[in-house]
Amino acid sequence: MEGIVHRTVEVNGIKMHVAEKGEGPVVLFLHGFPDLWYSWRHQILSLSSLGYRAVAPDLRGYGDTEAPASVTSYTCFHLVGDIIALIDSLAVDKVFLVAHDWGAIIGWYLCLFRPDRIKAYVCLSVPFRPFLGRNPKQKTVDAFHALYGDDYYICRFQEPGKMEDELARVDSSYLMKNILTTRKTGPPIFPKGEYGTGFNPDTPDNLPSWLSDEDLAYYVDKFNKTGFSGGLNYYRNLNLNWELTAPWTGAGIVNVPVKFVTGAVDLVYTSPGMKDYIHNGGFKKDVPTLEEVIVQEGVAHFNNQEAAEDVSNHIYDYIHKFRE
C-alpha cells in the first residue's frame with residue numbers, strides 16, 4: 001500500500017510484524033480488538049507525508065505476529081514488554097504514541113510503567129478509568145459483571161475456547177462487518193449460547209463509505225488464518241492484571257501529556273457513567289496531564305477509520321507541539 005514497508009522484529013521472545021513508512025520522529029500506533037496494523041493505514045500515509053516515521057505493529061496474537069498458546073502470555077506486562085522492545089529496535093529513546101481500544105489500554109499501561117519512553121499520547125476511545133481506575137476491593141471482571149451482568153461481552157469472553165467456538169459458527173465476513181460497522185451505543189451485550197448479532201444488531205447489507213470490500217477482505221483473510229484466541233486472551237487476563245498491578249493502586253498518569261479523541265456514538269463513550277467521568281473531573285483527576293478532550297459528532301467506535309482525516313489532523317496538531 002503506497003510505499004508501506006513490512007518487516008518482522010524479534011521482541012520479548014516473539015516475532016512481531018511491523019508496518020511502517022516515513023522518516024523523522026517516530027509515531028507508534030497500537031490497534032485494538034479485533035483489529036490489525038491495517039486500521040492505521042490512513043494515519044500511516046498522512047503522518048509519514050508530514051515528516052514523521054509512522055510505525056504500526058500487529059500486536060501479540062494478531063495478524064502476522066506470533067500468538068503464544070498460553071492464556072497467561074497476554075498479561076499487561078507481556079504487552080508492554082513487547083512495545084518497549086519494539087521501541088528499542090527502532091533505535092529511539094522516545095516515541096509519540098497513538099492508540100485505540102485495547103491498544104489504548106496498553107498505551108495507558110505504557111504511560112504508567114514507562115513514561116520515560118513516551119513524548120506524548122493521543123488516546124482514542126478508551127479513557128484511563130475502565131481498566132486502570134483500579135478498585136482495590138473488586139477484581140476487574142467482577143466489577144464489570146456487577147455493572148452489566150453475565151452477558152456483558154467481557155464477562156462472556158472469559159472461558160477459553162467457548163467464545164472461539166461461537167465465533168467459528170459465524171461467517172468471518174459477516175462477523176468483521178458486524179463489529180467494524182457497529183453504531184450501537186452502550187456496552188456490548190451478547191446473548192448466551194450464540195454470537196447472534198453480537199456488537200451490531202443492525203449490520204448493514206452494504207459497507208459504509210469508509211470501509212471498502214478490499215479492506216474487509218484483508219481483515220477476513222487474516223482472522224481466518226489466526227482465529228480470535230490471541231485477542232480474546234487480552235480480556236482473559238484482566239483479573240490477573242488486577243492482581244499484578246496492585247503496586248499501582250491509586251496511581252495516575254502524571255508525566256505524559258495526553259489528548260483524548262472519541263466518537264459521540266462510540267460504545268465506550270456511551271456506556272453508563274463514562275461521559276460523566278470524562279467531562280466532569282474524574283478523568284482529569286486520574287490524568288492531570290490531560291490537555292484536550294475531543295468528541296467527534298456522529299462518529300462511532302472505529303474513529304481512526306470512519307473519520308480518518310479528522311483523526312490524522314488531531315494527531316498531527318497535537319504532537320507537532322512537542323516536536324524538537
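# A guided tour of the predicted model

Begin with the whole protein chain on screen: among contacts with a separation of 6 or more, 76% join residues that lie 24 or more positions apart. Keep in mind throughout that this is a predicted model.

**The whole chain**

With a cartoon representation switched on, the protein chain shows 15 helices and eight strands. If you orient the view along the principal axes, the C-alpha atoms fill a box of roughly 55 × 45 × 40 Å. The radius of gyration is 18 Å, which agrees with the value near 20 Å that a compact globule of 324 residues would have. Colouring by accessibility will mark 57% of the 324 residues as buried, while a surface representation covers about 12,600 Å² of exposed area, of which carbon and sulfur atoms supply 49%. If you colour the charged side chains instead, you will find 30 positive and 40 negative ones, and the centres of these two sets lie 5 Å apart.

**The largest nonpolar core**

Next, hide the surface and turn to the largest nonpolar core, which holds 104 residues and in which Ile106 and Tyr121 touch the most other members. Which helix gives the most to this core? Select residues 102-113, which form helix 3 and contribute ten residues to the core.

Centre the view on Tyr121 and display its surroundings, leaving out residues up to four places away in sequence. The residues that Tyr121 touches include Leu97, Ala99, Gly103, Ala104, Gly107, Trp108 and Cys111, and from later in the sequence Val256, Pro257, Val258, Lys259 and Tyr318.

**Helix 1 and what covers it**

Now select residues 41-48, which make up helix 1; seven of these eight residues are buried, so the helix is largely enclosed by the rest of the structure. The buried ones are Arg41, Gln43, Ile44, Leu45, Ser46, Leu47 and Ser48. What covers them? The cover includes strand 2 (14-21), strand 3 (26-30) and strand 4 (53-57), together with helix 9 (213-226), helix 14 (303-306) and helix 15 (308-319), and showing these elements in separate colours will let you follow the surroundings of helix 1 one by one.

Before leaving this region, select Pro34, which lies in the loop between strand 3 and helix 1. The peptide bond that joins Phe33 to Pro34 is cis, with omega at about -15°. Most peptide bonds are trans.

**Three buried residues to inspect**

Select Ser73 first, in the loop between strand 4 and helix 2 (76-89). Ser73 has a relative accessible area of 15% and is therefore buried, since the cut-off for that class is under 20%. Apart from residues up to four places away in sequence, Ser73 touches Arg60, Pro68 and His78.

Move on to Cys155, found in helix 6 (residues 153-156). Is Cys155 buried or exposed? With a relative accessible area of 16%, Cys155 is buried. Leaving aside neighbours within four places in sequence, Cys155 is in contact with Val141, Phe144, His145, Gly149 and Asp150. For one of these, Phe144, a distance can be checked in the viewer: Phe144 is eleven residues from Cys155 along the chain, and the two C-alpha atoms are separated by 7.4 Å.

Then select Pro127, in the loop between strand 6 (118-124) and helix 4 (129-132), which counts as buried at 1% relative accessibility. Once residues up to four places away are excluded, Pro127 touches Trp108, Phe260, Val268, Met274, Tyr277, Ile278 and Phe283. As a further distance to display, Pro127 and Phe228 are 101 residues apart in sequence and 24 Å apart in space, C-alpha to C-alpha.

**Two residues with positive phi**

The last stops concern backbone torsions. Most residues other than glycine have a negative phi.

Select Ala91 in the loop between helix 2 and strand 5 (95-100); although Ala91 is not a glycine, its phi is positive, at about 60°. Ala91 is exposed, with a relative accessible area of 70%.

Finish at Asp101, in the loop between strand 5 and helix 3, where phi is near 60°, again a positive value in a residue other than glycine. Asp101 is buried, with a relative accessible area of 9%, whereas Ala91 is exposed.

Terms used:
Residues are numbered from 1 along each chain as its sequence is written. This is a predicted model: local features need pLDDT of at least 70, side-chain atom pairs count only at pLDDT 80 or more; totals for chains, interfaces and linings use all residues. Side-chain values use heavy atoms; hydrogens and water are left out. Helices (H or I, at least four residues) and strands (E, at least two) are DSSP runs, numbered from the N terminus. The radius of gyration is taken over C-alpha atoms; the globule rule is 2.2 Å times the number of residues to the power 0.38. Buried means under 20% relative accessible area, exposed over 50%, partly exposed in between (1.4 Å probe, protein chains only). Contact means heavy atoms within 4.5 Å. Accessible areas come from the Shrake-Rupley method with a 1.4 Å probe; for residues, only the protein chains shown count as cover. Lys and Arg count as positive and Asp and Glu as negative; His and the chain ends are not counted. The place of a charge is taken as NZ of Lys, CZ of Arg, CG of Asp or CD of Glu. A nonpolar core is a set of buried Ala, Val, Leu, Ile, Met, Phe, Trp, Tyr and Cys residues joined through side-chain atoms within 4.5 Å.
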